[in-house]
2 protein chains.
Amino acid sequence: MSESKGESTTPQSAEVRIIGLRETPEVHPGDDIAQVVLDAAAATGVTLADGDVLVVTHKVISKAEGALVDLREVEPSELARRFAETWGKDPRYIEVVLRESDRILRMERGLIISRTRHGFICANAAVDASNVSGGEIVSLLPRDPDASAAALRAELGRRLGLDLAIVITDSFGRPWRNGITNVAIGVAGMQPIADYRGQPDDFGRVMSASILAVADEIASAAELVSGKVNRCPFIVVRGYDYPRGEGTGADLIMPDQMNLFR
Amino acid sequence: MSESKGESTTPQSAEVRIIGLRETPEVHPGDDIAQVVLDAAAATGVTLADGDVLVVTHKVISKAEGALVDLREVEPSELARRFAETWGKDPRYIEVVLRESDRILRMERGLIISRTRHGFICANAAVDASNVSGGEIVSLLPRDPDASAAALRAELGRRLGLDLAIVITDSFGRPWRNGITNVAIGVAGMQPIADYRGQPDDFGRVMSASILAVADEIASAAELVSGKVNRCPFIVVRGYDYPRGEGTGADLIMPDQMNLFR
């Protein structure tokens with residue numbers, strides 16, 4: 001990877017670069033995640049700059065924070081046992097999914113759709129066995145992804161003297177469309193929503209319904225580089241003039257009563 | 001905008017570039033959209049290259065194809081009149097939304113959530129008054145966005161001797177999350193889904209649920225450059241090793257019976 005060529009970026013720049021930081025070693029509970037980022041940037045030859053968005057796959061945060069469960073220590077409930085037996089799943093895994101869930105929307109075909117404690121609606125409460133070392137270990141979502149993002153932003157800001165935005169991601173399914181996409185579950189240093197209401201369009205008319213979930217779009221853009229099988233948990237989005245402010249990933253969660261798509 | 005620096009891209013390249021083509025003039029029915037693309041690329045100083053994904057905001061396609069309705073020629077139905085009156089909307093606009101809908105999911109608070117003839121579930125059947133010249137003209141979705149994408153790909157391939165992928169986009173809302181995001185409604189020259197099932201993860205385990213809607217992620221990435229208020233309907237995504245094959249945007253529509261998130 002070559003370093004940024006220092007092109008000047010203007011608001012609504014005509015180019016955005018999605019740069020993957022490579023060579024990240026396996027992260028363990030207690031690791032200093034800011035240092036892991038700095039090492040990865042150095043190894044890749046990328047110097048972080050003011051206005052960059054650092055996108056972080058949540059799993060590396062979960063590992064550093066110890067948001068992991070050893071299935072050998074899980075005693076499945078009766079519900080978990082029955083569902084697992086019907087669908088050929090590991091009852092201990094199902095038990096962890098139930099524990100991470102606030103409210104179950106569906107339990108069908110071996111899949112549980114639920115709302116997590118954070119308010120995210122996703123499959124299997126985002127409990128994941130992939131890309132975790134040790135055959136019996138599963139990862140959970142970070143306890144508070146917005147706090148994780150804010151802490152990483154503060155620490156990188158302190159060490160580098162820079163103003164970065166942080167987006168922590170996971171990949172969720174969605175109704176009506178096939179496939180999962182990367183979305184923002186934790187945000188710091190930016191507004192996750194760009195509100196174009198009240199701005200005139202090209203023909204001078206005021207747009208009424210143009211509220212863009214740009215943090216989710218940033219997360220999706222980063223997935224094009226991180227991929228699913230690469231050890232590339234850190235991605236720099238450079239040249240995007242994101243909405244300034246102190247937003248959170250929680251801002252992206254729609255209150256139930258507002259959900260016309262139910 | 002500077003031209004590509006000709007950096008070599010490898011599969012799973014560590015950098016993806018999102019390049020907006022600028023200076024696009026207003027498009028009118030019957031315009032040669034391939035020529036509009038070529039003119040925009042030339043004006044921006046970008047040379048299209050093998051393996052680029054050209055992302056196109058659907059509205060420029062709708063305009064070129066004449067997928068426009070003059071509200072002065074629309075006679076609203078009784079249903080359209082009543083709903084419009086209750087919510088302070090234009091009954092002719094509501095009538096066009098109803099005509100473009102296959103099935104109504106909700107009519108609440110002035111918003112109609114429906115399934116379009118294409119199978120997309122979105123707000124107001126994607127009938128849009130913004131960024132269309134002439135105060136009484138609204139735009140519809142292209143009649144067949146996959147056919148539009150295939151035609152543009154074939155024409156650009158013929159003129160340039162290149163193998164490009166095309167993604168035609170619109171911005172849709174989604175349940176449970178605030179804000180709209182850009183998604184793919186028409187695709188040509190690539191598979192819109194990257195299926196990582198069966199590939200081992202970093203720890204050699206086979207991943208079971210890793211089906212990424214990469215065409216939607218490409219659409220979202222492009223929105224970071226096109227913005228909502230800029231006249232930038234063409235965006236080049238460069239350096240992304242997309243899944244080869246002859247997929248369509250329709251591949252992204254989930255059959256009703258598969259929708260566990262309902």
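The following exchange goes through a predicted model of one chain.

Colleague: How many helices and strands are there in chain A?

Modeller: Chain A has 262 residues, of which 50% count as buried. Its secondary structure is made up of six helices and twelve strands.

Colleague: Are the helices α1(A) and α5(A) parallel, perpendicular or oblique to each other?

Modeller: Helix α1, residues 33-44 of chain A, and helix α5, residues 145-160 of chain A, have axes that come within 9 Å and cross at roughly 55 degrees. Angles from 65 to 115 degrees count as roughly perpendicular and those under 35 as roughly parallel. The crossing angle of α1(A) and α5(A) is in neither range, and the two helices are therefore oblique.

Colleague: How do the residues of the contact of α1(A) with α5(A) divide into nonpolar, polar and charged?

Modeller: On the side of α1(A) the contact is made by Ile33(A), Ala34(A), Val37(A) and Leu38(A), while α5(A) brings Leu152(A), Glu155(A), Leu156(A) and Arg159(A). These residues divide into six nonpolar, no polar and two charged.

Colleague: Which residue of β6(A) is the bridge partner of Ile113(A)?

Modeller: Strand β5, residues 111-116 of chain A, pairs in the antiparallel sense with strand β4, residues 101-108 of chain A, over six bridges, and there Ile113(A) stands opposite Arg106(A). β5(A) also pairs in the antiparallel sense with strand β6, residues 121-123 of chain A, over three bridges. In β6(A), the bridge partner of Ile113(A) is Ala123(A).

Colleague: Which residue takes a positive phi in the hairpin of β5(A) and β6(A)?

Modeller: In the hairpin of β4(A) and β5(A), with two residues between the strands, Arg109(A) has a positive phi near 50 degrees. The hairpin of β5(A) and β6(A) has four residues between its strands, and the residue with a positive phi, near 105 degrees, is Gly119(A).

Definitions and conventions. Residues are numbered from 1 along each chain as its sequence is written. Chains are lettered from A and ligands numbered from 1 in the order in which they are written. This is a predicted model: local features need pLDDT of at least 70, side-chain atom pairs count only at pLDDT 80 or more; totals for chains, interfaces and linings use all residues. Axes are lines fitted to C-alpha atoms, for helices over the stretch in contact, and angles run from 0 to 180 degrees between N-to-C directions. Angles under 35 degrees count as roughly parallel, over 145 as roughly antiparallel, 65 to 115 as roughly perpendicular and the rest as oblique. Two residues are in contact if their C-beta atoms, placed from the backbone, lie within 7 Å. Ala, Val, Leu, Ile, Met, Phe, Trp, Tyr, Cys and Pro count as nonpolar, Asp, Glu, Lys and Arg as charged, and the others, Gly among them, as polar. A residue is buried if 20 or more other C-beta atoms lie within 10 Å of its own, exposed if 12 or fewer, and partly exposed in between; C-beta atoms are placed from the backbone. Two strands pair if DSSP finds at least two bridges between them.
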